[in-house]
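Here are my notes on the model you passed along, point by point. Have the structure open while you read.

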Amino acid sequence: MELGSILRSAREAAGIGLREMARRTHFTASYLSLIETGRRPVNAEVVAAYERTLGRHAIAGGATADDGLGTVEWIRRVAGSDLSSGSLERLEAAVDDLAAAYPTTRPDHLLAQIDQYLGLAARMMDGRKTLTEYRRLVIAVGWMSLLAGTCQIDLGQPHAAAARLRLAREIADEAGHPEIAAWCLETSAWSRLIAADFPAAVELSRAAQTMAPATSSAFIQATAQEGRALARLGDTSGTYNALRRVARLVAALRVPDRPEHHFRYDPAKSDAYIATTLAWLGDPAAETYARHVLTELAANPSTRPRRIATANIDLGLALVAADKPDEAAHVTLAAVTSGRLVPSNYWRVTEVVAGIEHRDPPDAAGIRDAFRDLYPMS
């Protein structure tokens, strides 16, 4: 929801007309109308006036459950920005908040928030700043462009994603930031994996490892991505070699302070990647890993809803290979009906359903029907 729309919804829910709101806040009705309809930017003074009149919780009620960051806090950060009074620090904090919101926020909603922040960053570029501040601002834009590209891959928009990733890579090169550059390559590898261009995915994953600082999150993720791509190519030896390298890197890794952060490797993510990789390789151990991942995620399902859905897909594929079509259909249907799949997951669902179809056509048809009903663009 747009920022002005949130304020308007809160006002209307309180039964207060625009003229009365103008009287209470000492702004003109015409000005508030421009704010509420998105024709003028929301500023900190207006947010504060609405909070005083309606109450902070009334405005918070206009935020959706998927907003991730908390819309009211987001309004306050954007509206109160000023490079001379700490807005650069707020922008950098917002980058981390956006990346941490990734696992639990719909990609279209997160992309809208990222674009709002990129607009703020563009305005900040016009202000006076030191060379150090300029580099920090550019790096923040690089991270946001990278995350925006990731969201667009999720949304099935590869061309738009590629443009975002090119921008992020150019920024990384300008700022001398090898970690952003490596993440751009790793994310491109993931996009090629989805497109079934497995040799390119391997090449990009290896290039990312060459670029990334040793033992960095980007290095670990790129190594895991290489293993997944090699599994799709049927390279058993190369796949197991990549898995062993990831295991060595993760063994000494501490849980980050924000494990949900998309660009900070969470050791718990390792088993999920192993489950996917082994399932694609056809290794029977995939079933054990997928069940373990689901058991671990069940302890706190609200923090990793999308990972639960993909773990069910991994388990479904492993169960198809183990000739357990009934259970495979059950867990795959759970993934489909979770409401947490995004377009970048669709091909994985169709792969499992195709495997079920050879063994249990009625169940496969039921999953296909549910999939088409819930995800009409699949």
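1. Surface first. This is a predicted model, and the protein in it exposes about 17,000 Å². Carbon and sulfur atoms supply 53% of that exposed area. On the inside of the ledger, buried residues make up 50% of the 378 residues.

2. Overall make-up. If you go looking for strands, you'll find zero; the secondary structure comes to 20 helices. As for how the chain folds back on itself, take the contacts between residues at least 6 apart in sequence: 63% of them join residues at least 24 apart.

3. Cysteines. How many disulfides does the structure hold? The count is zero. Two cysteines to look at anyway are Cys151, buried with a relative accessible area of 0%, and Cys184, also buried, with 4%. Both count as buried because their values fall under the 20% cut-off.

4. The cavities. There are three cavities of 30 Å³ or more in the structure, and about 620 Å³ of space lies in the largest. That one is lined by 32 residues, of which Tyr102, His262, Tyr273, Arg307 and Thr310 are the closest to its centre. For anyone new to this sort of analysis, rolling a probe the size of a water molecule over the atoms shows where empty space is left.

5. Who builds the cavity wall? Which helix gives the largest share of the lining of the largest cavity? It's α11, with six residues. α11 spans 178-194, and at least two lining residues each also come from α9 (131-154), α13 (217-232), α15 (269-281), α17 (305-321) and α19 (343-357).

6. Tyr102. One of the residues closest to the centre of the largest cavity, Tyr102 is found in the loop between α7 and α8. Is Tyr102 buried or exposed? Buried, because 9% relative accessibility is under the 20% limit. Leaving out residues up to four places away in sequence, Tyr102 touches Leu110, Leu147, Thr150, Cys151, Asp154, Trp190, His262 and Arg306. Note that Cys151 from point 3 is in that list. Arg306 is 204 residues away in sequence, yet its C-alpha is 9.7 Å from that of Tyr102.

7. Pro103. The loop between α7 (87-101) and α8 also holds Pro103, which counts as buried at 14% relative accessibility. Its C-alpha is 7.8 Å from that of Arg307, a residue 204 places away along the chain. Arg307 is another of the residues closest to the centre of the largest cavity.

8. Helix α8. Past that loop comes α8, residues 107-125. Its 19 residues reach 26 Å from first C-alpha to last, close to the 27 Å expected. Buried in α8 are Pro107, Leu110, Leu111, Gln113, Ile114, Tyr117, Leu118, Leu120, Ala121 and Met124. Leu110 is also a residue that Tyr102 touches.

9. Arg258. This one sits in the loop between α14 (236-251) and α15. At 26% relative accessible area, Arg258 is partly exposed. Neighbours within four places in sequence aside, its contacts are Asp96, Asp97, Ala100 and Arg264. Asp96 is 162 residues from Arg258 along the chain, with 9.0 Å between the two C-alpha atoms.

10. Backbone angles to check. Most residues other than glycine have a negative phi, and most peptide bonds are trans. With that in mind, have a look at Ala196, whose phi is positive, near 65°. Ala196 lies in the loop between α11 and α12 (198-211) and is partly exposed, at 47% relative accessibility. Thr215 has a positive phi too, near 70°. Its place is the loop between α12 and α13, and Thr215 counts as exposed because its 55% relative accessibility is over the 50% cut-off.

11. Helix α18. Running over residues 325-337, α18 has 13 residues and reaches 18 Å from end to end, C-alpha to C-alpha, close to the 18 Å expected. What covers its buried residues? The cover includes α17, α19 and α20 (361-374). The buried residues themselves are Pro325, Ala328, Ala329, Val331, Thr332, Ala335 and Val336. After α18 comes Gly339, with a positive phi near 75°.

Key: Residues numbered from 1 in each chain as written. Predicted model: local features only at pLDDT ≥ 70, side-chain atom pairs only at ≥ 80, totals over all residues. Heavy atoms only, no water. Disulfide = S-S within 2.5 Å. Buried < 20%, exposed > 50% of the residue type's maximum accessible area, 1.4 Å probe, protein only. Helix = DSSP H or I, 4+ residues; strand = E, 2+ residues; numbered from the N terminus. Expected span 1.5 Å × (residues − 1). Contact = heavy atoms within 4.5 Å. Areas by Shrake-Rupley, 256 points an atom, 1.4 Å probe, with all protein chains shown as cover. 1 Å grid on protein atoms, 1.4 Å probe; cavity = no way out; pocket = protein on both sides within 12 Å on 5 of 7 lines; lining within 4 Å. Points joined across faces, edges and corners; volume = space filled by probe spheres on them.
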